[in-house]
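Welcome! Take a moment to turn the model around before reading on. The report below walks through its open and closed spaces and a few points along the backbone.

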Amino acid sequence: MSIADNLARVEEQMASTCRRAGRPRDSVRLMAVSKTHPPESILEAHAAGMHLFGENRVQEYAEKHAALVAAGIFATQPPASVHCIGHLQSNKAVRAVQLFDAIDAVDSLRLAERLHHAAAELSKYLPILIEIKLSPEESKHGLAPDAVELDALLEKLPDLAHLELRGLMTVPPYADDLEQVRPYFRQLRQLRDSLAQQHPRLTLDELSMGMSHDFSVAIEEGSTMVHIGTAIFGARPSR
Ligand SMILES: *Cc1c(COP(=O)(O)O)cnc(C)c1O
């Protein structure tokens with residue numbers, strides 16, 4: 001199966017899930033997660049109509065970036081847009097702001113402050129999402145819903161004028177049984193609703209959730225952006 005075939009199949013599944021859930025198809029965007037895949041794969045997806053990509057490592061994306069610029073995908077209409085969807089160390093904030101169009105996994109106040117300063121230096125306004133960790137799994141990044149730091153970050157964001165909060169993202173634990181994943185998606189939406197009420201000045205429209213194996217359930221539970229790698233690009237080589 002080619003990348004174009006895979007995209008067509010994902011698109012079909014998204015459309016049928018939206019119909020079933022009574023949601024307009026354009027209420028949920030598709031992000032192609034291209035981490036570990038070469039620039040050629042990104043260009044192939046772009047040629048098939050994809051404009052939104054996710055990468056999770058600064059160094060890896062830095063190595064691909066020049067090839068993408070040279071191929072002109074940031075000069076198309078609409079231009080390609082690449083989001084950082086992985087944990088970002090604060091000391092890589094400057095490089096990340098130079099490279100990425102948005103940071104979708106902000107998981108600390110310190111990182112937000114670094115990103116704001118880097119964006120201000122570059123006269124950029126940077127869209128961000130806050131990553132929420134809904135399960136106690138040690139390996140996951142993100143702020144817990146009841147973390148004091150989440151409150152502190154939300155209080156501080158209006159002062160970090162070069163950051164534009166758009167919403168929340170989460171990666172639930174893997175489960176074969178999608179009904180075990182559903183509560184996490186529902187919980188993120190409920191958290192968003194209650195935070196939006198507590199912080200009427202903030203924009204929290206975006207709910208970024210759902211990957212290759214669980215995106216249908218995520219859409220049923222209100223996802224506005226699914227991030228899909230394997231179902232588009234095939235299996236990732238082990239690192
Ligand atoms: C790798 C990754 C994905 C893609 O996962 P697939 O199962 O390959 O679709 C989605 N979201 C995040 C945050 C990721 O790190």
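The largest pocket holds about 680 Å³ of space. It is lined by 27 residues, and those closest to its centre are Lys35, Asn56, Ile85, Gly86 and Val171. Two elements each give two or more residues to this lining: helix H3 (58–71) and strand E8 (225–228). By type, the pocket lining divides into nine nonpolar, 12 polar and six charged residues. Please keep in mind throughout that this is a predicted model.

**The ligand**

What sits in the largest pocket? The ligand does. If you would like to find its surroundings in the viewer, look for Val33, Lys35, Ile85, Met169, Val171 and Met211, which are among the residues around the ligand. The shell also includes Ser212, His227, Ile228, Gly229, Thr230 and Arg236. Sorted by type, the shell residues come to six nonpolar, four polar and two charged.

Three of these neighbours can be looked at through their polar atoms. The table gives the distance from an oxygen atom of the ligand to an atom of each residue.

| Residue | Atom of the residue | Distance to a ligand oxygen atom |
|---|---|---|
| Lys35 | polar side-chain atom | 2.7 Å |
| Ser212 | N or O atom in the side chain | 2.5 Å |
| Gly229 | polar backbone atom | 2.8 Å |

So far as Gly229 is concerned, then, the partner of the ligand oxygen belongs to the backbone, whereas Ser212 offers a side-chain atom, and Lys35 also a side-chain atom. How much of the ligand does the protein bury? Taken alone, the ligand exposes 390 Å², and the protein buries 90% of that.

Lys35 and Val171 are worth a second look. Both are listed among the residues closest to the pocket centre, and both belong to the ligand's surroundings.

**A closed space**

Now for the cavity. A search of the whole structure finds one cavity of 30 Å³ or more. The largest cavity contains about 50 Å³ of space. Its lining includes Glu131, Ile132, Lys133, Leu134 and Ser135, together with Lys140 and His141. Thr170, Val171, Pro172 and Pro173 line it too. These lining residues divide into five nonpolar, three polar and three charged. Val171 therefore turns up again here, as a residue of the cavity lining.

**Points along the backbone**

Finally, a few places in the loops deserve a visit. Which peptide bond is cis? The bond from Gln77 to Pro78 is, with omega near 0°. Pro78 has its place in the loop between H3 and strand E3 (81–84).

Thr36 is not a glycine, yet it has a positive phi of about 75°. You will find Thr36 in the loop between strand E1 (29–33) and helix H2 (39–47). Ser123, also not a glycine, has a positive phi of about 50°. The loop that holds Ser123 runs between helix H5 (109–121) and strand E5 (126–131).

Terms used:
Residues numbered from 1 in each chain as written. Predicted model: local features only at pLDDT ≥ 70, side-chain atom pairs only at ≥ 80, totals over all residues. Heavy atoms only, no water. Near = heavy atom within 4 Å. Polar contact = N/O pair within 3.5 Å; in protein donor to acceptor, adjacent residues only side chain to side chain. Areas by Shrake-Rupley, 256 points an atom, 1.4 Å probe, with all protein chains shown as cover. 1 Å grid on protein atoms, 1.4 Å probe; cavity = no way out; pocket = protein on both sides within 12 Å on 5 of 7 lines; lining within 4 Å. Sits in = over half its atoms within 2 Å of the grid points. Nonpolar A, V, L, I, M, F, W, Y, C, P; charged D, E, K, R; others polar. Points joined across faces, edges and corners; volume = space filled by probe spheres on them. Helix = DSSP H or I, 4+ residues; strand = E, 2+ residues; numbered from the N terminus.
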